[in-house]
Amino acid sequence: MSERPSHRDSNPDQPVALPPELAEFLKNQQYAALLQATDHGTVLLIKAPGPEIESVRGRVPIEVRHELYRHPAAPVVRMLTRIYDQLHSSLGLETFVNVDDEQQRSDYGELARQDELSLLFYDEELSHRLAKRVRNTARREILEVLITALQLRAQIPNDRFDFERAKADVMARTEL
């Protein structure tokens with residue numbers, strides 16, 4: 001699914017502070033992208049170095065793809081976000097969804113009801129530096145991915161289910 005950013009690209013007038021447990025998780029990661037439920041739907045939180053955030057300001061093409069990998073240990077939903085901020089390179093970020101985790105499943109499923117996806121950018125100090133919004137043109141695709149992933153999950157016995165192993169295998173065989 002390809003999405004284009006809206007014309008609104010801003011420094012947050014009212015910065016969104018991260019919950020303490022999420023800040024703890026992100027503090028030692030240079031890059032990260034994850035879905036988070038908010039009062040306004042699911043958003044994509046992005047942690048990146050300050051210069052990377054500055055390079056994506058303004059109107060830049062943004063692509064969001066929703067992929068499902070069938071693995072014997074677990075279905076793996078991969079949301080690939082690519083921001084084409086430079087002529088010969090782009091900022092690529094991947095988000096993985098474990099449909100066996102109720103919160104992750106709910107956050108991802110909420111995207112199927114949203115017209116837009118907000119991207120909230122945080123720097124090395126976990127300061128909210130930028131917000132972007134893109135049209136969500138893949139609502140039906142998200143729902144199909146989620147339903148298929150749940151059907152696949154139902155076929156895997158609990159004692160064989162291992163999302164972390166499946167995710168590691170997907171990461172090893174895919175590129176950003």
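The following exercises work through a predicted model, each with a solution given in steps.

**Exercise 1. Confidence**

Determine what pLDDT the chain averages and over which residues the pLDDT is below 50.

Solution. The average pLDDT of the chain is 92, and 92% of the residues score at least 70. Residues 1-7 have a pLDDT below 50, although this stretch still has 34 contacts in the model beyond near neighbours in sequence.

**Exercise 2. The hairpin of β3 and β4**

Describe how strand β3 and strand β4 are joined, and find the residue that stands opposite Ala 33.

Solution. Begin with the limits of the strands: β3 covers residues 32-38 and β4 covers residues 41-47. The two run antiparallel and are joined by seven bridges, and as a hairpin they have two residues between them. Within this pairing, the residue of β4 that stands opposite Ala 33 is Ile 46.

**Exercise 3. Ala 48, in the loop after β4**

Classify Ala 48 as buried or exposed, and list what Ala 48 touches outside its sequence neighbourhood.

Solution. Ala 48 is located in the loop between β4 and α2, the latter spanning residues 50-55. Its relative accessibility is 1%, and because buried means under 20%, Ala 48 counts as buried. Once residues up to four places away in sequence are set aside, Ala 48 touches Gln 30, Tyr 31, Ile 53, Tyr 122, Asp 123 and Glu 124. A further distance concerns Ala 32, which is 16 residues from Ala 48 in sequence and 6.9 Å from it in space, C-alpha to C-alpha.

**Exercise 4. The hairpin of β5 and β6**

State in which sense β5 and β6 pair and over how many bridges, and then say how many residues of β5 are buried.

Solution. Strand β5 comprises residues 62-69, strand β6 comprises residues 76-86, and the two pair in the antiparallel sense over eight bridges. Together β5 and β6 form a hairpin, with six residues between them. One of the bridge partnerships links Leu 68 to Val 77 in β6. As for covering, β5 is mostly covered, since six of its eight residues are buried.

**Exercise 5. The hairpin of β8 and β9, and Leu 126**

Identify the bridge partner of Tyr 122 in β9, and say what phi Leu 126 takes in the hairpin.

Solution. β8 and β9 pair in the antiparallel sense over seven bridges, and the partner of Tyr 122 in β9 is His 128. Five residues lie between the strands of this hairpin. Leu 126 is found in the loop between β8 (116-122) and β9 (128-135), and its phi is near 65 degrees, a positive value in a residue other than glycine. With a relative accessible area of 19%, Leu 126 falls under the 20% cut-off and is therefore buried.

Val 16 can be added to this picture, for although it is placed in the loop between β2 (5-10) and α1 (20-26), Val 16 touches Leu 120, Tyr 122 and His 128, not counting residues up to four places away in sequence. At 40% relative accessibility, Val 16 counts as partly exposed.

**Exercise 6. Helices α3 and α4**

Work out why α3 and α4 are described as roughly antiparallel, and which residues make the contact.

Solution. Two packed helices are described by the angle between their axes and the distance between the axes. Here the axes of α3 (residues 102-110) and α4 (residues 139-154) come within 9 Å and cross at roughly 155 degrees. Because angles over 145 degrees count as roughly antiparallel, α3 and α4 are roughly antiparallel to each other. The contact is made by Arg 105, Tyr 108 and Gly 109 of α3, together with Ile 142, Val 145, Leu 146 and Leu 150 of α4. Sorted by class, the contact has five nonpolar, one polar and one charged residues.

Arg 105 deserves a separate step. Arg 105 is partly exposed, with a relative accessible area of 26%. Leaving aside neighbours within four places in sequence, Arg 105 is in contact with Val 97, Asn 98, Val 99, Asp 100, Leu 146 and Leu 150. The C-alpha atoms of Arg 105 and Leu 150 are separated by 9.4 Å, while 45 residues separate the pair along the chain.

Definitions and conventions:
Residues numbered from 1 in each chain as written. Predicted model: local features only at pLDDT ≥ 70, side-chain atom pairs only at ≥ 80, totals over all residues. Heavy atoms only, no water. Buried < 20%, exposed > 50% of the residue type's maximum accessible area, 1.4 Å probe, protein only. Helix = DSSP H or I, 4+ residues; strand = E, 2+ residues; numbered from the N terminus. Pairing = 2+ DSSP bridges. pLDDT = per-residue confidence, 0-100. Contact = heavy atoms within 4.5 Å. Axes fitted to C-alpha atoms, helices over the stretch in contact; angles between N-to-C directions. Parallel < 35°, antiparallel > 145°, perpendicular 65-115°, else oblique. Nonpolar A, V, L, I, M, F, W, Y, C, P; charged D, E, K, R; others polar.
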